[in-house]
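Here is a friendly walk through one protein model, taken a region at a time. Keep the structure open beside the text and turn it as you read.

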Amino acid sequence: MGPALDDETILDQAIAWHRAQDDADFDWDGFTLWLEADPAHRTAFDSIALIDARIADHRATLAALMPSMEAPSMDAPSMGMSVPPVAMRAPRRRRWIGGGIAAALALAVGIPFFRPSMPPPVDYRTGPGQARTIMLKDGSRIALAAASHLRVAGAAQDRLALEGSALFDIPHRPDRTMTIDAGGQRISDIGTRFDILADARMMRVAVAEGRISVAPRDGGDTVELPAGRQLLVDRVTRRGTTAAISPGTVGSWQQGRLVYEGVPLSLVASDLSRYAGMPVKAGADVADRPFSGVLIVGDGSGLVGEVAQFMDLRIVHKGGIVLLRAGAR
C-alpha cells in the first residue's frame with residue numbers, strides 16, 4: 001500500500017475524473033477502483049460534482065459577474081487556443097471545472113468550496129441481552145454491553161459518545177487525546193482500561209488501569225481518576241462522589257457477573273433492564289439507596305427478584321415497567 005495522499009492531491013484526482021466523464025472512452029473500471037480505494041475519494045468526487053451542479057444553477061449570474069472570463073482549453077492547454085466564455089459551455093462544463101476556476105466561481109456567487117470532509121459518524125447498537133466488540137483503527141478495543149449505543153466520530157476515531165454501558169481498553173497515544181461523552185460528562189486523557197455505565201439519571205466510570213480525566217461536558221471542575229477508583233455523578237444534582245473499587249471487578253459483566261460497590265439502586269436498575277429484557281426502574285423512595293454485591297446474569301430472568309430479596313424491596317408492575325419499591329410483601 002502506498003503512502004496516504006493529502007487532500008489537495010485527492011481533490012485534483014477527483015477533478016480529473018469528473019472532467020473525464022465526458023469522454024467516450026471513459027475508464028469506468030479505473031474510476032470504480034479509485035472510488036473504492038479510499039472513502040475520501042468518494043467524498044472529494046461528490047464535492048466536485050456538487051460544485052459543478054451549483055455552478056450550472058448560477059450560470060447566468062456567473063456570466064454577468066465575469067463576462068470576459070474564459071476557461072483554458074483542457075484539450076489543448078499549451079497551444080494558445082481559447083474557448084467560448086463560461087456562459088456558452090453548459091453542455092461541456094466538466095471540461096472547464098478545475099481547482100482554481102471552481103474556487104473562483106464558487107467565491108463569486110457565494111457557493112461553498114468543498115474539501116473532502118470528515119467521515120460520517122458510525123453508530124454501534126446492541127439489543128437486550130446482546131453484546132459486541134468494536135475495534136478502532138488505533139488498536140482500541142471497546143466491549144459494548146447489552147442495550148447500549150456507541151457513536152464513533154472524527155477522522156482519527158477519537159470522539160466517542162456512549163449511552164448505556166461499555167468497557168474501554170485504549171492504548172496510550174501521546175499524539176492524541178480521545179474523548180468520550182457519557183452521562184453529561186466528558187472523559188479524556190485516555191490510555192487505559194475503564195468501564196462506563198450511564199443512564200438518564202446517573203453516570204459511573206470505574207478505572208482498572210491507568211488514569212483518566214472526567215469533567216462536565218458543559219464546563220466545570222475536572223476530576224482525575226486513577227486505577228482502583230470510581231466516580232459516580234448524579235445528573236440531576238450534578239454532584240459527584242469518588243470511591244475505591246477492586247480493579248479486577250471492572251468490566252466483570254463480560255464474565256456474566258454484575259459487580260457493584262456502593263452504587264445507587266437506580267444505576268443497578270438500569271443494568272437489570274439490559275439483561276432482564278424489560279424496563280426496570282427504582283422508585284424515588286429507593287433510587288439513591290446504595291447497593292453492593294455480585295449478581296450472576298444467567299438468562300437475566302432472576303435478576304430483579306434477586307435484588308428485591310437482597311434489599312427487602314417489593315416488585316410492582318406498572319405500565320409495562322418493573323418498579324422496585326420499598327417494603328417487601
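A residue is called buried here when its relative accessible area is under 20%. By that rule, L265, S266, L267, V268, A269, S270, D271, L272, R274, Y275 and A276 of helix α6 are buried. Please bear in mind that this is a predicted model.

**Helix α6 and its serine**

Helix α6 is mostly covered, with 11 of its 12 residues buried. Its length holds up to a simple check: at 1.5 Å a residue the 12 residues should span 16 Å, and the end C-alpha atoms of α6 are 15 Å apart, which agrees. Just after the helix comes G277, which has a positive phi, near 75 degrees.

A useful residue to click on in α6 is S270. Its relative accessible area is 15%, so S270 is buried. Leaving aside residues up to four places away in sequence, S270 touches D199 and V280. With D199 there is also a polar contact, side chain to side chain, at 2.3 Å.

**The three-stranded sheet**

Now look at the sheet that α6 lies across. What is the order of its three strands? The order is β15-β18-β17, in an open sheet with mixed pairing. β15 (280–282) and β17 (313–318) each have a single partner strand, so they stand at the edges and one side of each is left without a neighbour in the sheet. From one strand to the next, the twist averages 30 degrees.

The mixed pairing can be followed strand by strand. β15 runs parallel to β18 (residues 321–326), and three bridges join the two. Within this pairing, K281 stands opposite L323 of β18. β17, in contrast, runs antiparallel to β18, joined by six bridges. There, I315 has L324 in β18 as its bridge partner. β17 and β18 form a hairpin with two residues between them, and G319 in the turn has a positive phi of about 60 degrees.

Two helices accompany this sheet. Helix α6 (residues 265–276) lies across β15, β17 and β18, and runs at about 175 degrees to β15. Helix α7 (residues 303–310) also packs on the sheet, where it touches β15, β17 and β18, and its direction makes about 140 degrees with that of β17.

G305 is part of helix α7. Is G305 buried, partly exposed or exposed? With 35% relative accessibility, G305 counts as partly exposed. The C-alpha atoms of G305 and I315 are 7.8 Å apart, while the two residues are 10 apart in sequence.

**Strands β8, β9 and β12**

Another set of paired strands centres on β9 (residues 202–209), which is mostly covered, with seven of its eight residues buried. β9 pairs with β8 and also with β12. The table sets the two pairings side by side.

| Strands | Sense | Bridges | One partner pair |
|---|---|---|---|
| β8 (residues 193–198) and β9 | antiparallel | six bridges | A198 and M203 |
| β9 and β12 (residues 229–234) | antiparallel | five bridges | A206 and Q230 |

Between β8 and β9 there are three residues, and the two strands form a hairpin.

**Aromatic pairs**

How many aromatic pairs does a search of the whole structure find? The search finds five. One of them joins W17 and W34: the ring centres are 6.3 Å apart and the planes are at 35 degrees, so the pair is tilted. W17 sits in helix α1 (residues 7–20) and W34 in helix α2 (residues 28–37), so to speak a link between distant parts of the chain, 17 residues apart. W34 has a relative accessibility of 10% and therefore counts as buried. Together with F31, these two tryptophans form one aromatic cluster.

A second pair to inspect is Y260 with F291. Their ring centres are 5.7 Å apart and the planes are at 65 degrees, so this pair is edge-to-face. Because Y260 lies in strand β14 (residues 257–264) and F291 in strand β16 (residues 290–296), the pair ties together parts that are 31 residues apart in sequence. Both Y260 and F291 are buried.

Note on methods. Residues numbered from 1 in each chain as written. Predicted model: local features only at pLDDT ≥ 70, side-chain atom pairs only at ≥ 80, totals over all residues. Heavy atoms only, no water. Pairing = 2+ DSSP bridges. Helix = DSSP H or I, 4+ residues; strand = E, 2+ residues; numbered from the N terminus. Axes fitted to C-alpha atoms, helices over the stretch in contact; angles between N-to-C directions. Contact = heavy atoms within 4.5 Å. Buried < 20%, exposed > 50% of the residue type's maximum accessible area, 1.4 Å probe, protein only. Expected span 1.5 Å × (residues − 1). Phe/Tyr/Trp six-rings, centres within 6.5 Å; stacked < 30°, edge-to-face > 60°. Polar contact = N/O pair within 3.5 Å; in protein donor to acceptor, adjacent residues only side chain to side chain.
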